[in-house]
Amino acid sequence: MTLALLPQKLRNHALAAGRPHPLGATFDGFGVNFAVFSEHAERIELCLFAEDTRTEVARIPLLERDGDVWHVYVHGIVPGAAYGFRAYGPYKPEEGHRFNHHKLLLDPYAKQISGSVQWNDAVMGYKVGAPHEDLTFDMRDSAPYVPRSIVADPMGFGRGDRRPNVSNSDTVLYEAHVKGMTAQFPGLSDEQRGRYTGLSSPPVLDHLTKLGITSVQLMPVHTFVDDEFLIDAGLTNYWGYNSIGFFAPEPRYMRNGDISEFQQMVKGFHSAGIEVILDVVYNHTAEGNHFGPTLSFKGLDNKSYYRLNTGGRYYDNDTGTGNTLNVAHPMVLRMVMDSLRYWVEVMHVDGFRFDLATVLGREAEGFNRNGGFLDSLRQDPVLANVKLIAEPWDMGPGGYQLGAWPHPFLEYNDKYRDGVRKFWKGDANVAELSKRVLGSANQFDHSGRAATSSVNFVTVHDGMVLHDLVSFNQKHNDANGEGNRDGKEDNYSDNMGVEGPTDDTTITAMRAQRKRNFLATLFLSQGTPMLLSGDEIGNSQQGNNNTFGQDNPIGWINWDNPDKDLLAFVKRLIGLRKQHPVLRQKRFLHSRPRNRDGIPDLFWRMPNGERPTTANWLDENLRTICVEVRTSSDTPAYEASDDVLFLVFNNAAACDVALPPNPPGCVWEQILNTATPDDGPLCVTGPTAQANANAVQVFARTPIT
């Protein structure tokens with residue numbers, strides 16, 4: 001459409017060539033520069049919409065092309081304007097091309113997105129149900145059924161914000177869901193529930209600061225799509241691992257549709273000294289496989305944005321979601337890097353947890369820790385200074401890469417989760433526990449990596465919550481509508497004799513102590529601890545270990561009847577970790593003599609005080625182990641500490657344990673016992689102490705005063 005053919009309202013909006021950078025819609029105070037990448041398109045049009053965001057008022061061809069970036073400048077357009085693109089080119093799925101100008105496309109760089117996908121066959125690029133399936137061409141307009149990109153001007157809202165810059169050794173992660181955390185949180189208004197504004201409200205911040213949390217890790221907040229099969233089942237994509245906009249905050253969590261609400265949330269967390277880490281999904285998009293919708297990337301340049309096979313018709317599916325983003329393509333890599341920088345520089349977040357991260361490190365030859373994306377990330381001056389956490393696996397060949405990531409990555413450690421669960425259930429011996437307590441050095445102690453590299457967790461969003469872990473032997477996912485076939489089978493859970501809720505006081509006491517054992521092990525281990533939101537108050541999901549579609553009380557945290565004793569115990573554990581530097585060391589412990597005094601940094605001991613033999617470590621029935629911990633032998637003198645702790649892990653009957661000898665003027669003081677959680681410090685004057693049955697105990701070397 002030429003300027004003369006524009007509607008009267010837009011005729012005064014003069015057009016200009018514009019610039020190929022930055023990509024996306026950029027407001028400069030006078031108008032908006034639109035720039036979009038497509039290597040294989042033959043023509044691209046900009047569609048502008050009226051204030052109702054539904055009525056199309058103009059189509060403007062992007063006549064300027066610099067390399068593979070198409071662009072135009074439109075004077076007079078202001079923030080809030082709704083727009084989209086239509087891309088013309090070959091529709092040849094068997095060659096990887098799926099251009100269909102009848103489909104309105106989201107801007108991959110949109111900073112704000114309005115509306116949601118309405119599942120109608122018109123959102124598909126092909127004729128649904130046709131004999132030749134996706135090789136057919138659908139000519140229906142998808143505009144009535146798809147979201148709109150919105151021009152946004154996000155600069156300036158975060159002024160005065162200061163990052164907490166929490167060191168890895170001081171970090172306590174807390175995985176949370178925006179709505180799940182706030183939907184039933186006490187003291188919030190209806191407008192705050194399920195919103196960014198509620199998550200950083202004074203009541204929530206008060207809870208987190210008193211708990212001792214340093215870093216909140218938010219489940220996906222990039223704009224995402226509710227899958228059609230979930231909508232048909234009366235569910236939604238609650239977790240959000242189905243991104244369609246890598247720059248735009250999810251609008252369902254906004255109160256007024258203003259992205260500044262996200263920035264204000266971050267600023268609120270920072271004012272409380274808490275970092276914000278985003279769980280990001282750059283491994284795939286919501287466009288699915290060859291039968292999926294055409295919403296953005298697929299219609300703009302399918303062959304560039306996705307990894308394809310069989311000539312191009314089909315998608316590599318290393319993610320289990322139907323497609324895999326092609327981060328090996330320079331412009332796709334650029335998009336991911338631009339997105340990460342945007343969330344740091346403009347939205348002020350403090351780091352990222354990369355979902356199915358192996359996808360991002362996979363090159364033609366397989367996973368490469370020095371591949372293009374990982375090298376780009378580590379050399380970037382903006383991103384090199386934020387927290388980077390990998391979920392070190394995917395579903396592709398050679399996808400499991402625990403311990404293979406380069407510095408400064410931290411990694412989710414599923415071996416920690418499984419090993420600790422197995423030990424306290426009675427399915428693993430002390431050798432397995434010892435590896436996990438020392439930060440899984442066998443996985444991570446290489447290439448100058450720190451002892452904080454392992455993100456230790458007992459529970460996480462995908463799986464049983466802590467209360468259910470000690471209350472159910474089996475998953476109970478019937479509400480998911482898949483006949484209880486979904487979700488992990490190997491939970492290593494233990495109901496202590498009754499499946500689900502019970503009034504049996506003996507069983508409830510056993511469950512409470514098992515929870516304390518899990519939590520004590522977590523916060524006494526070297527590495528970076530992560531707590532799942534709600535575990536601190538005994539939240540239950542009724543045995544459902546896969547609540548990805550449960551945007552309802554099953555998936556939300558129930559704050560109505562919190563376990564106050566458990567909450568107090570978690571606060572105590574986090575406080576203990578902060579008070580004792582030996583529990584949060586930067587360097588691994590290997591029983592080597594320290595430079596400062598020649599004393600080894602670590603002593604493993606049997607209950608009788610003797611050093612474990614090889615036979616002891618191999619004994620499948622050994623369930624009690626003790627360890628004396630000091631500052632690492634590699635710790636510089638100026639960071640060395642006189643802090644000494646003696647830890648006892650006993651998953652057997654009560655027994656006496658020999659306490660290590662003390663230097664003159666010192667005694668051992670019991671500062672924690674999961675069997676008697678209300679006890680205060682207890683001075684032990686004799687050479688032995690009783691290890692309670694099925695308990696964790698901590699003794700601190702204390703000067704006699």
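Two strands are said to pair if DSSP finds at least two bridges between them. The structure examined here is a predicted model.

**Exercise 1.** Determine in which sense strand β15 and β16 pair, and over how many bridges.

*Solution.* Strand β15 comprises residues 222–224. Its pairing with β16 is antiparallel and runs over 3 bridges. One residue pair may be named: threonine 223 has glycine 245 of β16 as its bridge partner. As for the surroundings of β16, 7 of its 7 residues are buried, and the strand is thus mostly covered.

**Exercise 2.** Explain why the distance between the end C-alpha atoms of helix α5 agrees with its number of residues.

*Solution.* Helix α5 covers residues 260–271, which is 12 residues. The expected span is 1.5 Å times one less than the number of residues. For α5 this gives 16 Å, and the end C-alpha atoms are 16 Å apart, so the two values agree. Just after α5, glycine 273 takes a positive phi of about 80°.

**Exercise 3.** Establish whether α5 is largely enclosed or open, and state what covers its buried residues.

*Solution.* A residue counts as buried under 20% relative accessible area. In α5, 9 of the 12 residues are buried, so the helix is largely enclosed by the rest of the structure. Among them are Phe262, Met265, Val266 and Phe269. The cover over the buried residues includes α2, α3, β14, β16, β17 and α7.

**Exercise 4.** Identify the residues that touch the most other members of the largest nonpolar core.

*Solution.* This core has 164 residues, and Phe352 and Phe354 touch the most other members. Helix α7 (residues 330–345) gives the most to the core, with 10 residues. Leaving aside residues up to four places away in sequence, phenylalanine 352 touches residues including Ile277, Leu340, Trp343 and Ile389.

Definitions and conventions:
Residues numbered from 1 in each chain as written. Predicted model: local features only at pLDDT ≥ 70, side-chain atom pairs only at ≥ 80, totals over all residues. Heavy atoms only, no water. Core = buried A, V, L, I, M, F, W, Y, C linked by side-chain atoms within 4.5 Å. Buried < 20%, exposed > 50% of the residue type's maximum accessible area, 1.4 Å probe, protein only. Helix = DSSP H or I, 4+ residues; strand = E, 2+ residues; numbered from the N terminus. Contact = heavy atoms within 4.5 Å.
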